[in-house]
Amino acid sequence: MQQRHIAATIPGIATSDGAGVSLVRSLGQNAHSRFDPFLMLDHFSSDDPDDYIAGFPPHPHRGFETVTYMLHGKMLHRDHMGNEGLLTSGGVQWMTAGRGVIHEERPQQEQGLLSGFQLWVNLPGKDKMQPARYQNLEPEQIPEITTRQDCHIRLIAGELTLEGETYQGAVNGIAVNPLFADISLSSGQCLTIPVDETLSAFVYLFEGSGSIAGKSLVNGANLLSAGDNLTLEAGKNGLRVLLIAGRAINEPIEQYGPFVMNTRQEIEQALRDYRAGVLTGD
């Protein structure tokens with residue numbers, strides 16, 4: 001067995017997106033802060049409605065997937081095809097934009113805490129023009145694991161074997177074979193987690209403190225070295241992290257805002273399609 005360690009870190013920086021939603025961005029701050037196959041990770045969290053009330057008005061996507069994981073609050077998704085869904089605390093939407101989606105995301109509350117994550121996952125070139133599809137998961141559909149040491153895990157995607165039991169996440173059929181887990185440890189707890197050695201992996205710390213292989217986690221994305229397992233150790237106030245892994249695509253990336261393709265010509269075609277009203281192919 002080869003233990004993974006922290007190879008690099010990308011601390012989160014405060015920014016805004018959509019119609020002025022305040023958030024912290026780690027992956028995707030620029031073209032050099034991606035982590036194949038992951039393009040961007042945003043963490044939004046505020047109990048001030050001015051930070052989130054305007055939401056994300058209608059906007060397009062092509063060539064990748066968006067993952068929205070709600071921790072607290074309510075967010076309405078609506079798209080050009082008439083799909084509509086309400087994300088609530090603990091719910092997940094894995095949207096494969098493929099050829100094209102035009103959608104909006106609107107908070108469904110005027111006060112209180114709204115918090116969660118949006119992850120952008122690249123698609124291989126052969127899959128970028130597939131029809132759009134969605135996996136919408138209610139909170140109760142996400143498998144929850146409690147270890148004998150009382151560590152808690154919500155398994156959104158991927159396979160995880162712990163203490164002789166194998167668990168399967170709620171999301172399936174994703175090209176990069178992702179692992180996406182929300183992990184909580186109490187003060188001083190340790191947890192060793194197997195991670196397929198073929199996957200690129202990182203840990204995002206968003207509550208408490210802790211370490212991996214003796215190196216402290218930063219508040220942001222902690223990129224992991226190669227290996228087939230990692231050991232999390234919680235600090236005195238415990239910790240809560242996302243463990244995210246996926247198979248690297250190793251293809252060129254051309255990005256223009258919400259369009260992610262392999263070549264400049266494909267980006268220009270996406271822009272022409274959007275302006276002509278045929279981005280989605282409907």
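These questions and answers cover aromatic pairs, a sheet, nonpolar cores and one loop residue.

User: What kind of model is this, and how are residues numbered?

Analyst: This is a predicted model: local features need pLDDT of at least 70, side-chain atom pairs count only at pLDDT 80 or more, and totals for chains, interfaces and linings use all residues. Side-chain values use heavy atoms, with hydrogens and water left out, and residues are numbered from 1 along each chain as its sequence is written.

User: How many aromatic pairs does the structure hold?

Analyst: Rings of Phe, Tyr and Trp (its six-membered ring) pair if their centres lie within 6.5 Å. Planes under 30 degrees apart count as stacked, over 60 as edge-to-face and the rest as tilted. The number of aromatic pairs in the structure is seven.

User: Which geometry does the pair Phe-117 and Phe-206 have?

Analyst: The ring centres of Phe-117 and Phe-206 are 5.0 Å apart. Their planes meet at 75°, so the pair is edge-to-face.

User: How many residues apart in sequence are the parts that Phe-117 and Phe-206 tie together?

Analyst: Strands (E, at least two residues) and helices (H or I, at least four) are DSSP runs, numbered from the N terminus. Phe-117 lies in strand β11 (residues 114-122) and Phe-206 in strand β19 (residues 200-212). The pair therefore ties together parts whose separation in sequence is 89 residues.

User: Is Phe-117 buried or exposed?

Analyst: Buried means under 20% relative accessible area, exposed over 50%, and partly exposed in between (1.4 Å probe, protein chains only). Phe-117 has a relative accessible area of 1%, so Phe-117 is buried.

User: Which elements hold Phe-259 and Tyr-274?

Analyst: Phe-259 and Tyr-274 form an edge-to-face pair, 6.2 Å centre to centre with 65° between the planes. The pair ties together parts that are 15 residues apart in sequence, because the elements are strand β24 (residues 259-261) for Phe-259 and helix α1 (residues 264-275) for Tyr-274.

User: Is Tyr-274 buried, exposed or partly exposed?

Analyst: Its partner Phe-259 is buried, at 2% relative accessible area. Tyr-274 has a value of 37%, so Tyr-274 is partly exposed.

User: Which strands are the edges of the open sheet β5-β10-β7-β8?

Analyst: Two strands pair if DSSP finds at least two bridges between them. The four strands of this sheet pair antiparallel. Each edge strand pairs on one side only; the edges are β5 (56-61) and β8 (84-87).

User: Which residue in β10 stands opposite Pro-60?

Analyst: Four bridges join β5 to strand β10 (residues 101-107), and the two run antiparallel. Opposite Pro-60 in β10 stands Ile-102.

User: Which residues have the most contacts inside the largest nonpolar core?

Analyst: A nonpolar core is a set of buried Ala, Val, Leu, Ile, Met, Phe, Trp, Tyr and Cys residues joined through side-chain atoms within 4.5 Å. The largest has 30 residues. Elements that give two or more residues to this core include β11, β19 and β22 (229-246). The residues with the most contacts inside it are Leu-27, Leu-119, Phe-180 and Phe-202.

User: How many residues are in the second, separate core?

Analyst: Its members include Ile-6, Leu-162, Leu-191 and Val-241. The number of residues in this second core is 28.

User: Which backbone oxygen does the side chain of Gln-109 reach at 3.5 Å?

Analyst: Gln-109 sits in the loop between β10 and β11, and is buried at 14% relative accessible area. A polar atom of its side chain lies 3.4 Å from the backbone oxygen of Gln-111. At 3.5 Å, the side chain of Gln-109 reaches the backbone oxygen of Gly-112.

Definitions and conventions. A polar contact is a pair of N or O atoms within 3.5 Å; within protein, one must be able to donate a hydrogen and the other to accept it, and residues adjacent in sequence count only if both atoms are side-chain atoms.
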